[in-house]
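Colleague: Hello! I am new to this structure and would love a friendly tour. Could we go through it together?

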Amino acid sequence: MSTPTVTTGPLRRVPVQGRSVARVQRMLDACAELVDEVGYEGLTTTLLAERAEVAIGSVYQFFPDKRAIVQALAMRNMDAYLQGLSARFGSETFAHWWDGVDAAIDVYIQMHRSVAGFRTLHFGDVVDVHLLDIERDNNAVIADRLAELLIEQFQLIDRARLRFALQISVEAADALIKLAFRRDTNGDEAVLTEAKALIREYLHRHVTD
């Protein structure tokens, strides 16, 4: 999975030069490591500067506070998730659109296992349920982006029922996947299997083509 570009959302100043972009990415990488180690409450800009090996002034040059840093990381995670899912859609053939939802769950699980900070931060709920968008909660943002991908990939009709069902699916899958990783640091396979079966059955029974 390629590293996404730096998001401009919470940045105080947008990095332009290659060195500045790399410095901001180091800060986000350090943030990801630290939230796994000490949690959001334990995270400080001083710790982050030390871990990223940058001056504290460099942190404040780009970010006003630690919340903005975590917000940028959450947005980077969202970009990585959507890139990973787009790559799956581009490389595999699915028999039905809810197989695409199954793939979306797989990518989400894999990020829990392989992306630093994601198991703790997810898409920002530990900080603010509106971290990605001030008007919609984080899971609603993900559900909408997933809907757009599915509509494009499978030529679905953009119905309100489809989007509502995907919001329900995202909320249910998110809760069960979090449970799986609370039970087992690598994800309890029994819970993950049930989560995927539950979502597939729900979509099959409640959403028509």
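Modeller: Gladly! One definition to begin with: a polar contact is a pair of N or O atoms within 3.5 Å, where within protein one must be able to donate a hydrogen and the other to accept it. Please also keep in mind that this is a predicted model.

Colleague: Which residue does the side chain of Asn 139 join in a polar contact?

Modeller: Asn 139 sits in helix 7, residues 138–154, and counts as buried at 8% relative accessibility. Leaving aside neighbours within four places in sequence, it is in contact with Asp 125, Val 170, Glu 171 and Asp 174. One of these lies 35 residues away along the chain, with its C-alpha atom 8.4 Å from that of Asn 139. The side chains meet at 3.2 Å, and the partner is Asp 174.

Colleague: Where is the kink in helix 1 centred?

Modeller: A straight helix of 25 residues would span 36 Å, but helix 1 (residues 18–42) spans only 30 Å between its end C-alpha atoms. The helix also has a kink of about 90 degrees, and its centre is Asp 36.

Colleague: Is Thr 45 buried or exposed?

Modeller: Thr 45 is in helix 2, which covers residues 45–52. Not counting residues up to four places away in sequence, it touches Ile 56, Val 59, Tyr 60, Lys 66 and Ile 69. Buried means under 20% relative accessible area. Thr 45 has a relative accessibility of 12%, so it counts as buried.

Colleague: Which helix gives the most residues to the largest nonpolar core?

Modeller: That core has 70 residues, and those touching the most other members include Leu 48, Trp 97 and Leu 150. With 13 residues, the helix that gives the most to this core is helix 4.

Colleague: What is the N to O distance in the salt bridge between Asp 29 and Arg 76?

Modeller: The whole structure holds 18 salt bridges. This pair links helix 1, home of Asp 29, with helix 4, home of Arg 76, 47 residues apart. Asp 29 is partly exposed at 37%, whereas Arg 76 is buried at 12%. Their side chains meet, N to O, at 2.8 Å.

Colleague: Which residue of helix 1 forms a salt bridge with Arg 51?

Modeller: Arg 51 is partly exposed, with a relative accessible area of 34%. The side chains meet at 2.9 Å, N to O. Because Arg 51 lies in helix 2 and its partner in helix 1, the pair ties together parts 14 residues apart in sequence, and that partner is Glu 37.

How values were computed: Residues numbered from 1 in each chain as written. Predicted model: local features only at pLDDT ≥ 70, side-chain atom pairs only at ≥ 80, totals over all residues. Heavy atoms only, no water. Helix = DSSP H or I, 4+ residues; strand = E, 2+ residues; numbered from the N terminus. Buried < 20%, exposed > 50% of the residue type's maximum accessible area, 1.4 Å probe, protein only. Contact = heavy atoms within 4.5 Å. Expected span 1.5 Å × (residues − 1). Bend = angle between axes of the 7 residues up to and from the residue. Core = buried A, V, L, I, M, F, W, Y, C linked by side-chain atoms within 4.5 Å. Salt bridge = Lys/Arg side-chain N within 4 Å of Asp/Glu carboxyl O.
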